[in-house]
Amino acid sequence: MSHTKPTHHNGDANGYDPDNPHGFTYVDHGHHIMSGRTLLLVLLALLAFTGLTVGAAQVETYMIEVMGWSIPHWANVIIAMSIATVKAILVVTFFMALKYDNPLNTIVFLFCLFAFAIFLSFTALDLGNRHRVEAYRAPQISAGGTGVNLTRKTGEVNEKGEPIVENIVGPIAGYVRNVTIEEKGADYVKKKLAEKHPHHEEPVGPSRSRPQRGLSGALDEHAPASDAAHGGH
Amino acid sequence: MTSIPTQHDHQPSPGDPSAPGWKRYVAASHFRSAADEFDACKLGFWLFLATEVLLFAGLFCAYAIFRMMYPEAFAAGSHSLDVKWGGLNTVVLLISSYTVASSIRCAMLDKRFWLHVNLIITLVCAAAFVVIKFTFEYGPKWAEGKRPGVLFDYPLWSHPQEPIWWSVYYCATGIHALHVIIGACLLAWCLYRSVRHKAYGPTHYTMLENSGLYWHLVDLIWIFLFPLLYLIH
Amino acid sequence: MTAYHFTTLAQDSGPVHGLFFRGDAAWDKGVATDSLFMWTFWFSTFWFVLLMGLMVWWVIKYRRRPGVPAPRSASHNAPLEVIWTVVPSLFLGYIFFRGFHAYIDKLVAPVDAIEIVVKGMKWNWTATYPNGAISPETTPLGASNVPVIVLPAGRAVRFKMYSDDVIHSFWIPDFRMKFDVFPNRYSSFWIQPMQAGETHWVFCAEYCGDQHSEMAAVILVVHESEYNELVARWGAAGGTPQEMGERAARKHGCFACHSIDGTRNVGPTWRNAYGNPVPLADGSTIPGDDRTVWDNYIRESILVPGAKLHAGYPNQMNSFQGIITEDEILWITAYLRSLSDHPLGAAALEAEQAAESESEGDAPANGEGANGGPN
Amino acid sequence: MSTIPATHDAAHGHHDEGSYLTPRGPFLSTVVAWATTIDHKKIGVMYLVAVLTMFFLGGVAAMAVRAELWTPNRYVEQVQPDGTTQTVLQGDLLGKLFKADGLGAANNIYNRVFTLHGAIMVFMVIVPGVPASLGNFFLPIMLGAKDVAFPRLNLLSWYIYVTGSIFAVLSIILGGVDTGWTFYTPYSSTHAAGHWNVVFMILGAFILGFSSILTGLNFIVTTHKLRCPGMGWFDMPLFIWAIYSTSIIAVLATPVIGITLLLLIFERLFHVGIFDPAMGGDPVLFQHFFWFYSHPVVYVMILPGMGIISELIAVHCRKPIFGYRAVAFASLGIAAVSFIVWGHHMFASMGELASAVFSFLTFLVAIPTAVKVFNWIATLYKGSIAINTPMLYAMAFLFLFSIGGLTGLPLGALATDLHLHDSYFVVAHFHYVMMGGTIIAFVGGLHHWWPKMFGRMYNEKWAMLGCALVFIGFNVTFFTQFFLGTQGMPRRYASYVDEFQFLHQVSTVGSWFLLLGFLVHLGTFIHSLVAGPKAPPNPWGGLTLEWETESPPIEHNFHHEPILKHGPYDYDTTVPPHYDPADYPLDTSTPPHRSGH
């Protein structure tokens, strides 16, 4: 940081230069005029990378669904985030002109990314490793939430004009499906789900998310088998 | 070095009513020069941008943790989003970022007409982004019952944790959309000041520069949000 | 309901330890924790006395005297500064290592530990034994009656804990151990009670609302044979509806807020409630003298607590929808009747039950064995 | 390239050289002038008034908490005048005061009061306290600048602070909140009573965050850009180093609490479920979010206090701070490490791996802290130590902060923490650090800089008496709580088992002495403002730049832009400004040691 180079004093004003009171070496930063061609090239590169990231996702889908390959789920994140990072670097370097700017501003920006990295990694370190000692500590007791004390307005009002509030029992997702099954029948939901997922059969019905709480004994044995697979991995 | 003057060459002429706004500007007296003030304002604004990044860090962190815990729910939720609209919004924001960078370039070159043209294109892009977001993304999904948290009302979910996905989706994109609107307001204010007072020119364009930085940050956040939300498998 | 005499544990670890702790820790892992605490204490005391001694000595010795300047002395000394950075760091590393070691010891239970499921709820603890039994014992502690958790001496016990509503924390000070209790997942730790006859406090250590300070329990350590006998007895099903109701009320923690002796608590008392009119918060009244009205009122109050709010009481209760069974609601209704002097209350209940047992022979109303009730 | 104006130029306000306190016109226009001022000194004083007001409010709540804990709540049989016996509730002092009906309602009042105390003291007093009042006033002066980098932003920060405080007070007027200042979910999101109270309190804390961010950002830029000619980084007073480090933490950590509280408001209003297990969210995730801010912010609270102590000790001992660079780097080191230790607030709710990592890192933060204490004590060696109120407060700080720091060791070690976590031991520990550290340093700094800020001396004897009362009262109040904690008293309890009553009563008696001490200080300050003798520009013989100006400083701080000619602590070689060399002998028998280099 040439910018903040201190002037060492010697107990008197000998080191003091009235033309340069801070002993700063001014660099002409922050006033660089970008060439129009550079800006346009950067835009084109950004658009190309956007196309690339969408294309990569389509290729992945194709490989999984049509060719039946199994791609580890982190591959998707790695590819998408790598392309996004390249795009971000382009924006920061040229559009935001950090390349030509006071290096202090770059340091500020890197510091905040560093703080972000710490925040994310340590939080994940805890929440991703709950099952290290006792496996049953990791998954949720009831998938989709406990549903305790949940109410919501139905949007309708009673004769006094007060909003009608419904009580939600158990996980919200299960409640919503149960209500639909009550209203339109299980077959309707089954049919709609089959339309939505032509490839595989989904379990239908209220039992999937029945509240699993308040029962003494080995609670987790009652939890749907799929729940254990969702937690902590 | 170009021969075009920069903020280091700022010679304020506050008493001359015929001079454009940027020439009449006088730096605050506790700074040693206009360039010093410009540098300070930019450092201050980069610090502010760091706080904005860390604000979104919370949302990215929540996203990462829940995706780690419920990958299927996130994949299922992501499939409900339309890559076309997300991709179009990405393109819109990238173009607007380019025009903002160009508008600052025009200010530095004292080309006021093109400065205004660029800013107007940016504002149109901002409006397009918000319209696409609300009309083609939020609207239909909300109507289907794909809503955050307790408002969730979509019986055809494929994973009981889908309400959490929708919460993260609405919070992240909603707060981002709010930033788009704030950024557009800042740029509109710049446009007004430039049209009315000729406020920005080669030796003074601090406000425009900082508003531009803010807009680029909004773009930067979206560069990461887009693949994370729309391109999951 | 038994009032226990609270034992004070033996104090063999010295007078300074006695200042900090009420007796020695109740198991060896706790003793190890205390030993680390005391080591840290003496370590801290050494540095504290050294630093404060120097401070006071120098302030007195070098106090300002008019006209006498401060003598010039070194303003830094690199070797000294390195030493006082590195040496404390080594000690800190040692404290960390011991702390980690003893922590893992207290958290990872041996495989043969008895698993007891502990449920925290606003504002009560329930401990469920491996056979599904719940201790019906309570004891007065502070301003309320708290459940008694009976544990066998000499056996490792693992607590597998979860919560019904908010975060609680299960703290047994005598064992120097606590862990938070969450509504969405299990947490656990283990202890090994040593001496039969000891009693230990359990406190909720994570703030959980109004009765946080009343959310306690007592651990009673008994001989293993007695433990087995008690748990087997409590585990046996059956009883009259009102007895089943009392057990269900205990299981769901109703007594944390509702008294059965007429005193006011967070919620209205159950004594003499059934059959009498109830003033409601919105100004209307639940009419008395009508069984249908009262049965429905109890049912609604359990499932939708805020629907008909008793005047003068906060809307604090959780809904038990999805938690409580229909049978349990009927039993709790019977239990409330048995607590009421109203004509529709205990007297009518007993008359009905007598009539039923007459007409159906000796079988009680719920069709299960009437013997082996908790009391 | 610019040249320095020899005198302050015409563009910056008035020409007359009266102090910043001099009224400019009739009362009303003076008030308007203060309310619209962009002068950092006036804003600093306005912050001081606002912070002290909130300190008073929080203090009242603290006294109420201690009073309630005089006796536990018990049902007792009582014979009525008509001869019947009735069960009545006793010991619920606050419950009786607010006419609460029954045990639950009485406890609820207590819960609201301790939440009030915690939220006000943390968000409205200790976090903004030192940086926003003393920092605002002295940071530009100590740098030799005319003002902070963004004066209007500075005024905006003050108004944001007031707005946030108004929301908090509004929440109290509506009935208060009983969530605890930590707002743990799901209690705060679904269970806590008073829908809008909770939202307003959270909103208040959210708004206050903006005030911290803007103030921090302002100070960082000021430190970088507005140091006076001749002042390099290692010529800055340690108070500036501390404020600078504090500002970095505030800027990097506060946005995370912003998003946390925002999500919590969404949680409260729309039940989005990210932190709510009822919807499949995770309450421990909230704790991570919360402590990622709230642990670093512990150092936002203590670092400025440490900066004040560095100044106090150097000035009143007339000694260069021992190991200036070590102390300066320790400030930055603490700021850096503070971001990776937040998990030690959650040992009872995290997995083993994360707990072990966080415990290890926690011990790292102890090292720079210990280094600072060693350096301060070494500074006393061969000093010329004045025994006056600021110095007494510096000693009190060293005493109390050492206890606070050392009792952090068993809390950082995993095995002992699982016993002490959420007990009164923690309560005592953080009061020793936050109050024994920050507030004691704040009051000490206030006495140190009072003559400079208001141009009046205070009565030394009464101030020393106040200091002694505060010191004794503080120790009686909080040292007993260490024993309560180890014996098994959990925090946030409205009532307790009989065995704890004696220690609670000792603690409550201590709180009365504490109150008395602060009242003595209040009296001393008011007396000083009304009838105190006029203060000389440099009453203590300090060398930093604020002692070069008038007491109180003129509107533009300095008559001429100062040029730094000596280091902040060159007491060995420099006669302080406004002192006659004849009256101020220097030790010439030994060669001078360079300070800070």
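**Exercise 1. Around D:Ile120**

Task: In this predicted model, find which residues D:Ile120 touches, leaving out those up to four places away in sequence, and then place D:Ile120 in its nonpolar core.

Solution:
- Start with the contacts, taking C-beta atoms within 7 Å as the criterion. D:Ile120 touches D:Met54, D:Leu57, D:Gly58 and D:Ala61, and also D:Val125 and D:Ala168.
- Now widen the view to the core. D:Ile120 is one of the residues with the most contacts inside the largest nonpolar core, which has 405 residues. Others on that list include B:Ala50, B:Val168, C:Val202 and D:Phe397.
- Next, look for the element that gives the largest share of this core: helix 4 of chain D (residues 103-143), with 26 residues.
- Finally, look for a separate core. A second one has 18 residues, among them C:Met244, C:Ala248, C:Trp331 and C:Ala334.

**Exercise 2. The fold of chain B**

Task: Describe chain B by its secondary structure, its extent and its burial.

Solution:
- Count the elements: chain B has seven helices and zero strands, and its pattern along the sequence reads α-α-α-α-α-α-α.
- Take the extent of the C-alpha trace along the principal axes, which is about 70 × 30 × 30 Å.
- Check burial: of the 233 residues in chain B, 59% are buried.
- Turn to the contacts with a separation of 6 or more: 77% of them in chain B join residues 24 or more positions apart.

**Exercise 3. Where chain B meets chain A**

Task: Work out how many residues each chain gives to this contact, and which helix of chain B gives the largest share of its side.

Solution:
- Begin with the totals: 59 residues come from chain B and 63 from chain A.
- List the elements of chain B that give two or more residues to its side: helix 2 (34-69), helix 3 (71-79), helix 4 (83-108), helix 6 (162-197) and helix 7 (206-230).
- Pick out the largest share, which is the 15 residues from helix 2 of chain B.
- Sort the side of chain B by class, and you get 40 nonpolar, 12 polar and seven charged residues.

**Exercise 4. A hairpin in chain A**

Task: In which sense do strand 1 and strand 2 of chain A pair, parallel or antiparallel? Then inspect the turn between them.

Solution:
- Locate strand 1 at residues 150-157 and strand 2 at residues 163-168 of chain A; their pairing is antiparallel, over five bridges.
- Follow one bridge as an example: A:Arg152 has A:Glu166 in strand 2 as its partner.
- Close with the turn. Five residues lie between the two strands of this hairpin, and A:Gly161 in the turn has a positive phi of about 90°.

Technical notes
Residues numbered from 1 in each chain as written. Chains lettered and ligands numbered in written order. Predicted model: local features only at pLDDT ≥ 70, side-chain atom pairs only at ≥ 80, totals over all residues. Core = buried A, V, L, I, M, F, W, Y, C linked by C-beta atoms within 7 Å. Buried ≥ 20, exposed ≤ 12 C-beta atoms within 10 Å, placed from the backbone. Helix = DSSP H or I, 4+ residues; strand = E, 2+ residues; numbered from the N terminus. Contact = placed C-beta atoms within 7 Å. Nonpolar A, V, L, I, M, F, W, Y, C, P; charged D, E, K, R; others polar. Pairing = 2+ DSSP bridges.
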